Amino acid sequence: MPLPDRGGPLAGIRILALTKVWAGPYAGKLLAHLGAEVIKVESATNLDEMRAYGGVDRDSAPYFQSINQEILSVQLNMKTAEGLTLLRRMVGQSDVVIDNIRPGAMERSHLGYEELRRIKPDIIQLSIKMWGNDGPLGYQSGYAPSFAALSGLTALVGHEGEVPRGMNIRYGDSSVGACAALAILAALHHRETTGEGQYIDLSAVETMTSLVGDSLFAWSVTGAVPEADGNHHPDMAPHGTYPCANGEWISIAVAIDPEWQALCQTLGAGTLAANPRFATLPDRLSNRHALDAALSAATASQDASHLADRLRHAGVPAFRSQSSLDLCSDDHLWGREGYRMVSDHRNGSRPIIGPSWRMTPDPAKVERGAPLLGEHNDYVYRELLGLSEAELADLAARRVVD
Amino acid sequence: MTGALNGLTLIEIAERPAGEYAAKLLADLGATVIKVERPGGAPTRHMGPCHRGESTLFHYLNTSKQSVVLDLADSADRALLDRMLARADALVDDHDERWGAAHGLTSTAIAAAHPRLVHAIVTPFGQGAPPEWQIARSINVINAGGWAYHSPSETPPDKPPLKGAGRFLSDYEAGIDAATALLASLLRQRRTGQGQFIDISEVQVQVNRTDAVLGRMLAGEAEPGADRGAYDMGGPGTSFPARDGHVFLFMTTQAHWLGLLDLMGQPEWAQSFPDDWLEFHCTRERVAEFRVHFAQWSAGQAKVAVSEAAQKRGVAMVPVNIAADLVCNEQFVHRGFFQTIQHPVFGPVACPTAPYRMSATPIHLTPAPSLPPFGCKTCKSEPA
């Protein structure tokens, strides 16, 4: 049965995803949320770990379902020669192949770029590895906090004077996936212009490095080594997060003197406004530790949301530091479809985090939740590869389709 | 030189790092990006750190672009912009709606005048947000989106949430999504001849990056709450001291643990830890005890040598690299991640490129446009 038309800018682009865990699947998700047909190649005997984490049922695994909306699932045992032959036929019908499986695994399965190109001359392949696909450290492996540490990013995140502990341990995989999606789209443009495909070798470490690129560029020019600096900003004071009532925090960023005056007035902090140590931006920067302490004393009894609202209306950039509970109940995000409902095999529907973009006209529909394992076997084997029902049943019986 | 996006022309009227970075990503990939600067130069030309009277930030954010000065409040200059848009493929903006309305650059105005144009606007909270929300700066965005509240992992409740690395982490993340959505829409433009309007929310980019964490809470499969550790994973993974800096150790399996024991030479203190403690007995107390012992050992080790020895034993230990470690790192050198550009003001500069090596269309950076006499007007350093 043909798939429903979802529209969107990438309608008609087919992507074969040999991806696991988070970074690779996240790339697939972004492309699917833009309308691409993303076929995830899976196997019961070589399962994406995300189908196993946090649940017993691989068809309703929380991690997996949180990422893989609008993804198609086809079962295929890559450890069989027949499975690899079928996979090559799928490559022949695809525009892009993404993988983030173990170093060397694609080559061992004869799925290196030169081999893929013999199947489809204009194929685009993108591989994600911690350090990229080759090189002296290419053998090393790690997880998101590992590549953040290697990249130079972790060294820049920490409370002043303390060990740089980096961003939250979850940070990194999704950003890597986002850069992968971007590179694939650039390669699709090159193919449109020239007819040529290409191989894209993506380094997770370098993705993190690129996110601190301005600090590294400045270092290269000035020689000043950037360090973890808490919430310090060289051009703003106050600039930070300040305690509020009930354990909440508020972020405040003041660049110019009128914002400072408005902040003091809103807080009813006449003594702060009158303090000559805080009168001008250079004064506030020079005395920023005293400033942060004085401001913290003034915010400590306030309600974070209410104060932030009053500050914004007074022209002072401020927002509550949002917890997971704050985020889940954020009306603005629900109102913009930043959260939205998709179908769910078990519960009928499921809330998900929607795309960061809205497009008009012709946005891609994002309506179907993550697939059951092998949910699209029929579509892939029968519609795309043209196998008969009996042939597919035979492949399943012999665990080539497993 | 062939770039993947050769042949595409974008006009950039962005004036913040979010939009400028989106356009930089596309310019570095080979698109022709014409940056429109206000008289006196783009605001980021006047943001530090500076060297020889020029902003390093500006010169990082605007590699591979061209630049033209237009006063968009002036009707003749505004008409010139329309002539540029008539010949371009896309427009990148990051101003709020009030600015767009004041300059005739709203989504509806652009769609009516230039139906083929792909038009993207990146703002803190997206179109339609209360106007006073859109004054948010980067630290407000990363706090609104949840990463600050939960960073670093295991931050105690009395320590402030952090802004992330550098000043503009949320801008760069938003720039990636903006560039991605733009390129997708430009593929559609090739097919249909039609433009689209793209509305990117920087806060939503932050939230989207947490899909596997917050998404489970949203669906009721994990408990959301006020806990600063709500995104954490447990386990002993964190930064540890080394003789010459820090290492980051991440361990989740028995194989990791046995590899680490071998690396440390089977220390006596470790005998009280079951081989499978990481999988089945990973209590808070045991993690704390491990960290005390391990930190004492790691403090005597050199960060690169001990990490390489660990990696060869299958242990995911890595050095916490600082800026000075990266440019000469053998893997970065092998991949050519830093490209030396001959900058007209700074001289030779090691400039970060992009994390994707593309076999047919490698990236070649060119310096950002200089605009004499518009050096940084706020910094104290002398012009060259």
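This report walks through a predicted model with two chains, A and B, and looks at how they share sheets, helices and a core.

**Where the chains meet**

Let's start with the contact between the chains. On one side there are 123 residues of chain A, and they are in contact with 124 residues of chain B. The biggest contribution to the chain A side comes from helix α7 (residues 173-194) of chain A, which supplies 15 residues. If you sort the residues on that side of chain A by type, you find 63 nonpolar, 47 polar and 13 charged.

One residue of chain A gives a good example of this contact. Apart from its neighbours within four places in sequence, A:Leu182 is in contact with B:Leu25, B:Ile176, B:Ala179, B:Thr180 and B:Leu183. A:Leu182 is also listed among the residues with the most contacts inside the largest nonpolar core, which has 235 residues. Others on that list include A:Leu31, A:Ala180, B:Leu26 and B:Leu182.

**A sheet that ends in chain B**

Next, follow the strands of an open sheet with mixed pairing: its seven strands run in the order β3(A)-β2(A)-β1(A)-β4(A)-β5(A)-β6(A)-β14(B). Its edge strands are β3 (71-75) of chain A and β14 of chain B, and each of them pairs on one side only. On average, neighbouring strands here are turned by 20 degrees against each other, direction ignored.

Which strand of chain A pairs with β14 of chain B? It is strand β6 (residues 198-203) of chain A, and the pairing is antiparallel over three bridges. Within this pair, A:Ile200 stands opposite B:Met358. Elsewhere in the sheet, β1(A) and β4(A) are partners, with A:Ala17 bridged to A:Ile98 in β4(A).

**A sheet that ends in chain A**

Another open sheet of seven strands, also with mixed pairing, has the order β12(A)-β8(B)-β7(B)-β6(B)-β1(B)-β2(B)-β5(B). At its edges stand β12 (357-360) of chain A and β5 (66-69) of chain B; each has a single partner strand, so one side of each is left without a neighbour in the sheet. The twist from one strand to the next averages 20 degrees.

Helix α3 (residues 75-87) of chain B packs on this sheet, touching β1 (9-12), β2 (32-37) and β6 of chain B, and its direction makes about 150 degrees with that of β1(B). Helix α7 (residues 169-192) of chain B lies across strands from both chains: β12 of chain A together with β6, β7 and β8 of chain B. This helix runs at about 165 degrees to β7(B).

Strand β7 (residues 118-123) of chain B deserves a closer look. Is it buried or exposed? Strand β7(B) is mostly covered, with six of its six residues buried. B:Val118, B:Ala120 and B:Val122 point one way, while B:His119, B:Ile121 and B:Thr123 point the other way. Among the residues standing opposite this strand, B:Val92 faces B:Ala120, B:Asp93 faces B:Ile121, and B:Phe197 in β8(B) is the bridge partner of B:His119.

Here are some parallel strand pairs from the two sheets.

| Strand | Partner | Bridges |
|---|---|---|
| β1 (residues 14-18) of chain A | β4 (residues 96-99) of chain A | four bridges |
| β6 (residues 90-93) of chain B | β7(B) | four bridges |
| β7(B) | β8 (residues 197-201) of chain B | five bridges |

**The domains of chain B**

Finally, chain B is divided into domain 1 (9-208) and domain 2 (238-326). Taken over C-alpha atoms, the centres of these domains are separated by 42 Å.

Notes:
Residues are numbered from 1 along each chain as its sequence is written. Chains are lettered from A and ligands numbered from 1 in the order in which they are written. This is a predicted model: local features need pLDDT of at least 70, side-chain atom pairs count only at pLDDT 80 or more; totals for chains, interfaces and linings use all residues. Two residues are in contact if their C-beta atoms, placed from the backbone, lie within 7 Å. Helices (H or I, at least four residues) and strands (E, at least two) are DSSP runs, numbered from the N terminus. Ala, Val, Leu, Ile, Met, Phe, Trp, Tyr, Cys and Pro count as nonpolar, Asp, Glu, Lys and Arg as charged, and the others, Gly among them, as polar. Two strands pair if DSSP finds at least two bridges between them. Domain bounds come from an automatic or database domain assignment. A residue is buried if 20 or more other C-beta atoms lie within 10 Å of its own, exposed if 12 or fewer, and partly exposed in between; C-beta atoms are placed from the backbone. Axes are lines fitted to C-alpha atoms, for helices over the stretch in contact, and angles run from 0 to 180 degrees between N-to-C directions. A nonpolar core is a set of buried Ala, Val, Leu, Ile, Met, Phe, Trp, Tyr and Cys residues joined through C-beta atoms within 7 Å.
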